[in-house]
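The following account leads the reader through a single protein model, from its cysteines to its pocket, its core and a few individual residues. Please keep the sequence and the coordinates in view while reading.

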Amino acid sequence: MSSPAVATTPEVENMLARNAVVAIGVSGGKDSDACAIATSEYLDRIGHTGARLLIHADLGSVEWRQSLPKCHALGERLGWEVVVVERKAGGMRISRSSGHPFHEHLTTDSTVIRPPIPRASGH
């Protein structure tokens, strides 16, 4: 069985040739697992020896309880470090009256939803 294709650009290929750090966001779900596995196989194939990280954003109270254990299992399978990040300032409350579609599946008046982790400057 051949490894899946991985899309790159000349800029990415140049960084990988210099063994740049590779970090992949993972949730514990099948899509991010597949991405990490395909990327790991690609990096092995091209001889990449730089650091490799799986990044998991902890969503707090709305997190699927198996997310973090699944991410750690993937990290063990691949031999990659798992880094867990969370927003120190806490989440934001979205009231049911806001009309946010997330509330269609809730039985409480509000929930805590963590905003996205800000991108690094220059992106």
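The model is a predicted one, and a search of the whole structure finds zero disulfides. A disulfide is a covalent bond between the sulfur atoms of two cysteines. Two cysteines may be considered here in terms of their accessibility. Cys35 has a relative accessibility of 39% and therefore counts as partly exposed, since that class lies between 20% and 50%. Cys71, by contrast, has a relative accessibility of 1%, so it counts as buried, the cut-off being under 20%.

The overall architecture gives the frame for what follows. The secondary structure of the protein consists of three helices and five strands. Read from the N terminus, these elements follow the order α-β-α-β-α-β-β-β. Of the 123 residues in the protein, 25% are buried. Among contacts in the protein with a separation of 6 or more, 62% are accounted for by residues 24 or more positions apart.

The next topic is the open space in the model. Rolling a probe the size of a water molecule over the atoms shows where empty space is left. The largest pocket has a volume of about 280 Å³. It is lined by 15 residues, of which Val12, Leu16, Val22, Ala23 and Thr39 are the closest to its centre. Three elements each supply at least two residues of this lining: α1, spanning 10-17, β1, spanning 22-25, and α2, spanning 30-46. Helix α2 gives the most to the lining of the largest pocket, with four residues. In chemical character, the lining divides into 13 nonpolar residues, two polar residues and no charged residues.

From the pocket, the account turns to the nonpolar interior. The largest nonpolar core holds 14 residues, and those that touch the most other members are Ile24, Val26, Ala36, Leu54, Leu74 and Trp80. β1, α2 and α3, the last spanning 67-78, each supply at least two residues of this core. Helix α2 gives the most to the core, with four residues. Helix α2 is thus a leading contributor in two settings: it gives the most to the lining of the largest pocket and the most to the largest nonpolar core.

Leu74 offers a way into this core. Which helix holds Leu74? Its place is in helix α3. Leu74 has a relative accessible area of 4%, and because this is under 20%, the residue is buried. Leaving aside neighbours within four places in sequence, Leu74 is in contact with Val26, Asp33, Ala36, Ile37 and Leu54. Two of these partners, Ala36 and Leu54, are listed with Leu74 among the core residues that touch the most other members. Leu74 and Ala36 are separated by 38 residues in sequence, and their C-alpha atoms are 8.5 Å apart in space.

Helix α3 also contains Ser67. At 6% relative accessibility, Ser67 counts as buried, because the value is under 20%. Apart from neighbours within four places in sequence, Ser67 is in contact with Ser27, Gly28 and His56. One of these partners, Gly28, lies in the loop between β1 and α2. Is Gly28 buried or exposed? With a relative accessibility of 9%, Gly28 counts as buried.

A further residue of helix α3 can be related to the same loop. Pro69 is found in helix α3. Gly28 and Pro69 are 41 residues apart in sequence, while their C-alpha atoms are 7.6 Å apart in space. The two residues fall into separate accessibility classes: Gly28 is buried at 9%, whereas Pro69 is partly exposed, with a relative accessible area of 42%.

The last stop concerns backbone geometry. Most residues other than glycine have a negative phi, and most peptide bonds are trans. Asn19 has a phi near 60°, which is a positive value in a residue other than glycine. Where does Asn19 lie? Asn19 is in the loop between α1 and β1. Its relative accessible area of 29% lies between 20% and 50%, so Asn19 is partly exposed. The two elements that flank this loop, α1 and β1, each supply at least two residues of the lining of the largest pocket.

Technical notes
Residues are numbered from 1 along each chain as its sequence is written. This is a predicted model: local features need pLDDT of at least 70, side-chain atom pairs count only at pLDDT 80 or more; totals for chains, interfaces and linings use all residues. Side-chain values use heavy atoms; hydrogens and water are left out. A disulfide is a pair of cysteine sulfur atoms within 2.5 Å. Buried means under 20% relative accessible area, exposed over 50%, partly exposed in between (1.4 Å probe, protein chains only). On a 1 Å grid over the protein atoms alone, a cavity is a set of points where a 1.4 Å probe fits but cannot get out, and a pocket is an open set with protein on both sides within 12 Å along at least five of seven lines; lining residues have an atom within 4 Å of a point. Grid points are joined across faces, edges and corners, and a volume is the space filled by probe spheres set on the points. Ala, Val, Leu, Ile, Met, Phe, Trp, Tyr, Cys and Pro count as nonpolar, Asp, Glu, Lys and Arg as charged, and the others, Gly among them, as polar. A nonpolar core is a set of buried Ala, Val, Leu, Ile, Met, Phe, Trp, Tyr and Cys residues joined through side-chain atoms within 4.5 Å. Contact means heavy atoms within 4.5 Å.
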